[in-house]
Amino acid sequence: MNYTEYTVEIRSDSGKTHRIVVDDDDTLYNYYQVGDRVRHHGGLKTYEKYDKSGDSIIFCNACATKCDIGDDVCFRCGCPLLK
């Protein structure tokens, strides 16, 4: 069985590297750009981009659903989207 593995590496200010690995879906890989500043939400185990001004999508930090940037709440779980 063949698949493509996409890896996003995030480096903290202290130099520690965190990896997000996804099989056969490049959405998250293409969402982040080199140099993006992100915030880690420890309780949710997610990362949020500080600057979403050029984005057309946003990920729900509660359930990881891809939502439209114009939405205020996630259509799947109803949680507020962090903008």
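Two strands pair if DSSP finds at least two bridges between them. Keep that in mind for these exercises on a predicted model.

**Exercise 1.** Work out how strands S3 and S4 run and how many bridges join them.

*Solution.* Start with the bridges: S3 (residues 38-41) and S4 are joined by 4 of them, and the two strands run antiparallel. Next, pick a pair across the strands: Arg39 sits opposite Glu48 in S4. Then look at the turn: the hairpin has 4 residues between its strands, and Lys45 takes a positive phi near 60°.

**Exercise 2.** Decide whether the faces of strand S4 are covered or open.

*Solution.* In a regular strand, side chains alternate between the two faces of the sheet. So split S4 (residues 46-49) that way: Thr46 and Glu48 lie on one side, Tyr47 and Lys49 on the other. All four are buried, so both faces are covered.

**Exercise 3.** Find the residues of the largest nonpolar core and the elements that supply at least two of them.

*Solution.* The core has 8 residues: Val8, Ile10, Ile20, Leu28, Tyr31, Tyr32, Tyr47 and Phe59. Strand S1 (5-11) and helix H1 (27-31) each supply at least two. Now zoom in on Tyr32: leaving out residues up to four places away in sequence, Tyr32 touches Val8, Val38, Tyr47, Glu48 and Lys49.

**Exercise 4.** Count the disulfides.

*Solution.* The cut-off is a pair of cysteine sulfurs within 2.5 Å. For Cys60, the nearest cysteine sulfur is that of Cys77, 3.6 Å away, so Cys60 is in no disulfide. Cys60 is also buried, at 2% relative accessibility. The structure's total is 0.

Technical notes
Residues numbered from 1 in each chain as written. Predicted model: local features only at pLDDT ≥ 70, side-chain atom pairs only at ≥ 80, totals over all residues. Heavy atoms only, no water. Buried < 20%, exposed > 50% of the residue type's maximum accessible area, 1.4 Å probe, protein only. Core = buried A, V, L, I, M, F, W, Y, C linked by side-chain atoms within 4.5 Å. Contact = heavy atoms within 4.5 Å.
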